[in-house]
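Work through the exercises below with the model open. Try each task before reading its solution.

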Amino acid sequence: MSETNNPLLSKNELPLFTQLKPEQIEPAIDSILSENRKTIEKLLSENKEYTWNNLVYPIEIIQANLNDVWAIVSHLESVKNTPEWHKAYEITLPKISEYYTELAQNEKLYQAFLKVRQGAGFKKLNFAEQKIIDNNIRDFKLAGVALPPEKRAEVKALSMQLSELESQFQQNVLQATQGWSLHITDVDKLKGLPDRALEASRLQAKEQEKEGWALTLDYPSYHAVLTYADDRGIRETVYQAFTTRASNLFPGKEKFDNSQTMVKIMKLRQRLASLLDFNHYAEYALANRMLKSPEQVLHFLNDLSDRCQDVAGKEANNLKTFAKEQCQIADLRPWDVAYVSEKMLHANYAISQETLRQYFPEDSVLNGLFTIVNRLYGISINEVKQFDKWHESVRLFEIYDANNHLRGKFYLDPYARPDKRGGAWVVPAKVRVKQLDGNIQAPVTYVVTNFSKPLAGGPALLTHDEVTTLFHEFGHCLHATLSKVDYPSIAGINGVYWDAVELPSQLMENWCWEEEALKLFAKHHETNEPLPHDLFLKLKASKNFQVSLGLIRQLEFALFDFNLHMHPAEENDAYIQTVLDKVREQTAFLPLADFNRSQNSFLHIFSGGYSAGYYSYLWSEVMSADAFQAFKSQNKVFDNEIAARFLYNILEQGGSKDFMDLFVAFRGREPEVNALLKQYELVQ
Ligand SMILES: [Zn+2]
């Protein structure tokens with residue numbers, strides 16, 4: 001196969017998904033990797049003195065070329081997980097890992113960067129260019145390049161093994177999720193399920209060529225059953241399957257058990273940290289974060305936990321009382337929690353996601369979102385109709401700024417599919433980069449969600465939760481797209497600390513709770529009637545329903561993650577459970593099931609970038625609450641002066657400065673934890 005005909009290597013502005021075949025991935029990646037290796041060798045050997053222009057910048061460019069191609073491959077692996085695509089991904093992943101580890105461990109390159117850092121030209125560079133050089137030197141050190149050769153080789157081997165194990169962990173979860181479904185022939189067993197969920201499960205059964213209904217572990221199906229199914233036994237069965245995925249207790253034919261994978265991952269991570277002279281992996285992870293020490297993180301989490309205890313206790317008791325008095329459930333079990341909560345929410349606020357859904361047809365929500373960001377940042381968004389896509393439901397949009405300059409494009413892949421990973425996320429497809437000829441490559445972004453697909457003849461109707469998810473992901477998309485930084489390693493969301501990257505996304509969620517904003521798009525899909533004021537008031541009142549229990553749940557994940565990464569690795573997986581049990585002493589306000597092994601499917605910390613970083617969600621929430629209070633305190637949720645400050649100091653800056661400095665530039669001071677408690681009305 002000729003390389004020039006490989007659609008992955010085409011210089012097209014947008015990827016040619018329909019022309020791409022799985023077998024083209026490996027040769028394309030091989031070709032770029034070999035080209036990049038040659039270029040780096042050449043840059044190192046040709047130059048006597050190293051500078052920004054003859055070393056750092058050209059490397060930024062070739063890295064961007066590789067990233068653009070690899071983004072397509074890993075994207076398809078997430079949204080089109082057929083055996084062929086997965087195999088192609090699995091073959092190339094180790095090559096990519098090897099390349100990055102090799103690059104990070106290239107001692108000659110490290111020495112060359114040190115020379116640029118020490119050179120007379122360094123002071124003349126702008127702060128973004130200086131930051132890139134400092135980031136590189138930091139990363140070289142974290143990759144062990146300053147270590148003796150033996151230890152350095154071990155760091156390299158560890159990194160490669162880790163990336164394979166993390167991918168294995170994710171595959172086990174995905175396959176367990178896909179490998180289980182519950183076939184129902186008696187519709188009475190599904191009483192309580194909303195019509196839409198019922199219809200979706202009928203279609204699911206049809207897809208499996210069965211009569212009746214099929215319940216799966218895809219999140220929309222799982223969520224609907226746990227929240228609405230009156231049949232307690234069905235709820236228990238689905239809950240048990242979901243929370244034991246990828247464990248030895250999973251009821252599927254194959255277990256896809258992650259227990260040993262977790263042990264191995266933890267062992268390698270702790271070894272890696274100790275090789276690099278850190279006390280543990282948690283300390284190692286913080287070398288690249290906004291919060292700088294383990295004490296700072298634990299203090300933040302424990303302080304927040306202390307402040308939530310009383311209210312969480314009260315909320316849990318209210319739920320148990322309600323279960324007993326109104327639902328005839330005397331012994332509240334984990335699979336009753338969402339169900340009873342929904343009933344309680346409905347009784348207290350007479351509101352259900354199903355009612356609200358009628359007011360959130362997909363297109364109206366999208367237009368509303370676009371109007372809001374237009375009023376805030378002056379940007380306009382147009383849909384592109386003709387383009388090459390990986391699935392028929394995918395859409396493409398362009399973002400123009402107030403001066404009518406194209407700032408970037410984004411794909412939206414809205415609906416859940418069997419071959420698509422669950423959840424919602426944003427990944428840069430192409431990062432903004434100033435090419436060597438001075439031309440700017442505009443960024444392109446993938447926005448992926450897993451909403452229920454529209455039923456025949458109607459529009460997709462989103463729950464308010466889904467609307468919030470869409471706003472959240474769009475916040476990431478703006479961060480990735482509105483960047484004005486010209487260098488890919490620190491443009492958009494690249495190079496932004498993990499514990500800061502959720503600020504733009506969580507900030508966007510706030511507009512889903514403001515009547516002035518909802519008026520723009522919450523309209524009944526049949527009558528076009530706007531969301532009634534009393535329904536809005538109930539929605540607003542429901543926002544803080546069980547808020548402490550929600551925070552405590554997040555704190556449980558965050559404390560488990562952080563404490564686990566401070567703990568010495570052990571041979572047996574039992575210690576992982578022990579760390580979790582210890583955390584639960586301060587977080588278990590609701591009943592637990594002995595069989596629950598949700599740690600075995602905890603993708604964020606065992607296969608995502610959130611290891612020793614789950615606290616970031618809460619930390620970003622503190623920042624976003626604090627940022628939104630800048631708008632609220634002026635009583636102007638569309639204040640474009642404050643928005644302009646956010647755009648200029650945060651969205652456009654990417655990772656070009658330490659994030660604390662960016663936040664202070666926007667807000668005039670560091671984030672205050674109290675802002676979060678205030679937002680949730682836990683303090684006045
Ligand atoms: Zn996010």
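Buried means under 20% relative accessible area, exposed means over 50%, and partly exposed lies in between, with a 1.4 Å probe and protein chains only. The model is predicted: local features need pLDDT of at least 70, side-chain atom pairs count only at pLDDT 80 or more, and totals for chains, interfaces and linings use all residues. Residues are numbered from 1 along each chain as its sequence is written, and side-chain values use heavy atoms, without hydrogens and water.

**Exercise 1. Examine the backbone at Ala246 and Ala612.**

Step 1. Take phi of Ala246: it is near 55°, a positive value in a residue other than glycine. Phi of Ala612 is also positive, near 55°.

Step 2. Place both residues. Ala246 sits in the loop between helix 9 (232-243) and helix 10 (259-275). Ala612 sits in the loop between helix 22 (603-606) and helix 23. Helices here are DSSP runs of H or I with at least four residues, strands are runs of E with at least two, and both are numbered from the N terminus.

Step 3. Check accessibility. Ala246 has a relative accessible area of 0%, so it is buried. Ala612 is at 0% relative accessibility and therefore counts as buried.

**Exercise 2. Describe the zinc site and classify its geometry.**

Step 1. List the protein donors: His472 (NE2), His476 (NE2), Glu502 (OE) and Glu502 (OE), lying 2.1 to 2.8 Å from the zinc ion. A donor is an N, O or S atom within 2.8 Å of the metal (3.2 Å for Na, K and Ca); water is not among the atoms, so sites may look incomplete.

Step 2. Read the spacing along the chain: H-x3-H-x25-E. His472 in helix 16 (residues 464-481) and Glu502 in the loop between helix 16 and helix 17 (503-509) are 30 residues apart, a pair that links distant parts of the chain.

Step 3. Test the angles. The 4 donor atoms subtend 52 to 141° around the zinc ion, so the arrangement is irregular. Four donors would count as tetrahedral if all angles lay between 85 and 135 degrees; four count as square planar and six as octahedral if opposite donors are over 155 degrees apart and all others between 65 and 115.

Step 4. Add the environment: His472 and Glu502 are buried.

**Exercise 3. Characterise the largest pocket.**

Step 1. Fix the term. A pocket is an open set of points on a 1 Å grid over the protein atoms alone, with protein on both sides within 12 Å along at least five of seven lines; lining residues have an atom within 4 Å of a point.

Step 2. State the volume: about 550 Å³. Volume is the space filled by probe spheres set on the points, which are joined across faces, edges and corners.

Step 3. Inspect the lining. It has 29 residues, and the closest to the centre are Ser10, Lys11, Asp68, Lys430 and Gln441. Domain 1 (3-174) and domain 3 (357-494) each give at least three residues; domain bounds come from an automatic or database domain assignment.

**Exercise 4. Which residues lie nearest the centre of the second largest pocket?**

Step 1. The volume of the second largest pocket is about 330 Å³.

Step 2. Among its 14 lining residues, Lys540, Lys543, Lys632, Gln679 and Glu681 lie nearest the centre.

Step 3. Helix 23 gives the most to this lining, with 4 residues.

Methods
On a 1 Å grid over the protein atoms alone, a cavity is a set of points where a 1.4 Å probe fits but cannot get out, and a pocket is an open set with protein on both sides within 12 Å along at least five of seven lines; lining residues have an atom within 4 Å of a point.
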